[in-house]
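Trainee: Could you walk me through how to read a pocket lining and the strands around it?

Mentor: Gladly, let us look together.

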Amino acid sequence: MKLPYLNGTNRKASRQIVTFGGVNYQDSGGEGELEESVNLSSTRFPYLCQRDGRASTGKYQAPTGLYARGKLCVVDGKDFLYDGRKVGTVTAGEKQFATINTKIVIFPDKVYYDTKEDKFGNLAAEYSGYAGNVTFTTNTLTVPEQSYIDQAETESYTLSGVAANTSITVYTGASIDKGNGKLTMSGGSATTPDKLKNGDLIQHKCDTAKEYMVVQSSAKQSDGTYQITYIMHEALLHKYPEFKDVFKAGDAIEITGCTTYASNNGSHIIRSLSGRTLTFDKDIFKAGAEAGTVLMERKVPDLTCICECDNRIWGAEGTTIWASALGDPTNFYVYDGLSTDSYAVAVGTDGAFTGCVAYGSTVLFWKEDCVHKVLGNYPAQYEIYTYTVPGVQEGSEKSLCIINETLFYKGRSGVYAYTGGTPELISENFGTRRFDDAVAGTDGERYYISMRDSKGNWNLYVFDTMRGVWLREDGTHATDFALLDGVLYYLDGGTGKLMKTGQDYSEEGRIPWSATLCKMDETTHGRKGYSKLYLRADLEAGSWLKAEISVDDGPFRQVFATHNERAKTLQIPILPVRCDNFRIRLSGKGPCLIKSLVRDFTVGSEY
């Protein structure tokens with residue numbers, strides 16, 4: 001019996017990738033998207049090319065902060081450097097920066113650097129007046145021109161060769177008359193070097209009229225004598241500075257330590273100052289000489305995040321939002337009923353503030369699950385609106401970055417874009433991968449973000465804000481970014497180098513790169529037979545390129561490699577076997593432009 005002849009049912013098809021997307025770690029990677037990328041850029045979109053070069057502009061011992069204001073500012077250990085020159089000393093650790101007028105403000109140190117006056121100073125200030133040396137009228141406070149103080153050396157000294165039988169008087173107390181400088185020792189009793197102990201007060205071989213020693217130790221030596229280690233104290237004449245060297249008119253100060261004449265509650269605004277006299281509002285003190293030790297302080301709150309908006313420094317401490325007096329970052333407690341006053345308000349939401357930023361005419365204070373938006377032009381107008389939206393992740397306060405009126409930041413679930421309404425998650429392509437400790441910067445068009453994954457590895461990703469493309473550059477750990485004169489700088493946490501990026505900068509030579517394309521299965525059932533697979537690429541002279549293929553989730557195998565002595569365009573044939581799906585990995589070193597991928601195939605049975 002003859003059976004009918006059946007024609008083959010294989011269907012011919014062709015696909016072409018001419019637009020290459022970014023990384024997509026989800027299971028549903030799209031056409032032209034990448035499973036992973038190294039050192040690639042979307043600069044020549046829709047093609048794939050290599051990232052910009054990098055060059056080192058300096059190396060530091062322990063850099064923790066980078067900022068740009070006319071010049072680059074770097075915190076290296078305890079040194080604050082402006083344009084490469086040390087201009088001040090800070091504590092070690094990460095910093096927050098903001099600029100108001102000509103002052104660069106640095107927290108948590110509460111210091112500033114005035115770029116115009118080349119002056120480094122403290123935002124807070126204090127002035128001490130000794131007991132009995134401060135006098136009040138009903139609205140003034142005055143300190144004398146000079147007084148004696150008990151000055152202790154900061155270093156230890158040693159007294160050697162003290163005989164074991166030497167009689168040394170140990171005192172129980174020492175006092176200095178603040179008016180005439182007379183030193184009085186009390187409660188003396190004789191002892192010998194072997195019985196001296198830490199904290200004993202003695203006067204051995206010193207000027208007993210104005211000096212005494214505080215023993216730290218007394219140790220017997222090999223020759224039988226004793227070596228006494230001590231701190232020297234001396235009665236020194238202290239000249240009170242004039243108030244203009246510490247405070248200024250308009251400062252709000254707290255006066256504490258008073259037992260008789262002044263109020264210890266709240267702040268008092270200095271209306272004028274002259275020499276060593278401060279003048280306040282009328283009838284706030286009792287007249288007389290104060291018996292207590294008076295401390296005058298211009299306080300600054302311990303702000304954990306700061307920004308500048310409308311000529312004020314804004315920040316948060318605990319549950320309180322603060323704003324400085326207009327144009328004055330040294331005053332946060334001026335409440336005079338004027339539009340230039342300071343401002344403070346407590347909020348009732350849970351959790352710590354994780355960042356703040358000026359956005360348009362508003363100030364945004366972020367927590368992990370909400371944002372507080374401050375509206376208004378002066379304190380009497382300020383209003384705060386609270387929105388429950390994905391906020392800034394704790395530890396990622398430095399991810400806040402504004403590009404073309406869009407605010408980008410790292411939240412707990414990924415990277416968000418905020419334009420005034422509900423933030424939009426723009427990192428869906430990261431899939432289930434999670435990151436933290438993000439730090440970000442911009443070159444004006446792209447969003448660079450360095451963050452750590454769940455395995456503790458650092459990654460530097462770049463988001464092209466115009467094309468919506470994410471690409472991973474490498475494992476750079478950037479601790480801070482700054483943009484100056486159109487050039488993006490960052491501090492490398494691994495090497496301590498200050499790096500700059502750009503097409504014209506490279507000390508790396510030919511940059512190695514790779515692109516692993518997402519799985520291609522043509523979204524059809526059945527096994528595919530590929531008759532032609534062509535990759536088109538421009539390869540510059542001296543660059544090399546390698547192509548690898550993985551079939552049905554198998555290992556990658558090399559199918560092509562080339563090294564060019566001159567620039568040319570390549571048509572690379574890749575011949576996979578009959579399969580359900582395949583992946584392609586391209587890698588190389590040096591400039592290479594990946595233009596398109598064409599594949600012709602037939603679809604057969606499912607087996």
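Trainee: How do the residues lining the largest pocket divide into nonpolar, polar and charged?

Mentor: Ala, Val, Leu, Ile, Met, Phe, Trp, Tyr, Cys and Pro count as nonpolar, Asp, Glu, Lys and Arg as charged, and the others, Gly among them, as polar. Here the lining splits into 19 nonpolar, 5 polar and 6 charged residues. This is a predicted model, where local features need pLDDT of at least 70, side-chain atom pairs need 80 or more, and totals for chains, interfaces and linings use all residues. Residues are numbered from 1 along each chain as its sequence is written, and side-chain values use heavy atoms, without hydrogens or water.

Trainee: Which strands give two or more residues to that lining?

Mentor: Strands (E) are DSSP runs of at least two residues, numbered from the N terminus. Among the contributors are E36 and strand E44 (435–442).

Trainee: Is E44 enclosed or open to the outside?

Mentor: Buried means under 20% relative accessible area (1.4 Å probe, protein chains only). In E44, 6 of the 8 residues are buried, so this strand is largely enclosed by the rest of the structure.

Trainee: What does E44 pair with?

Mentor: Two strands pair if DSSP finds at least two bridges between them. E44 runs antiparallel to strand E45 (residues 446–453), with 6 bridges joining them; one partnership is Gly441 with Tyr448. The two strands form a hairpin with 3 residues between them, and Gly444 in the turn has a positive phi of about 105°.

Trainee: And where does E36 sit in its sheet?

Mentor: The open sheet has 4 antiparallel strands in the order E36-E37-E38-E39. Strand E36 (355–359) is an edge strand, pairing on one side only.

Conventions: Buried < 20%, exposed > 50% of the residue type's maximum accessible area, 1.4 Å probe, protein only.
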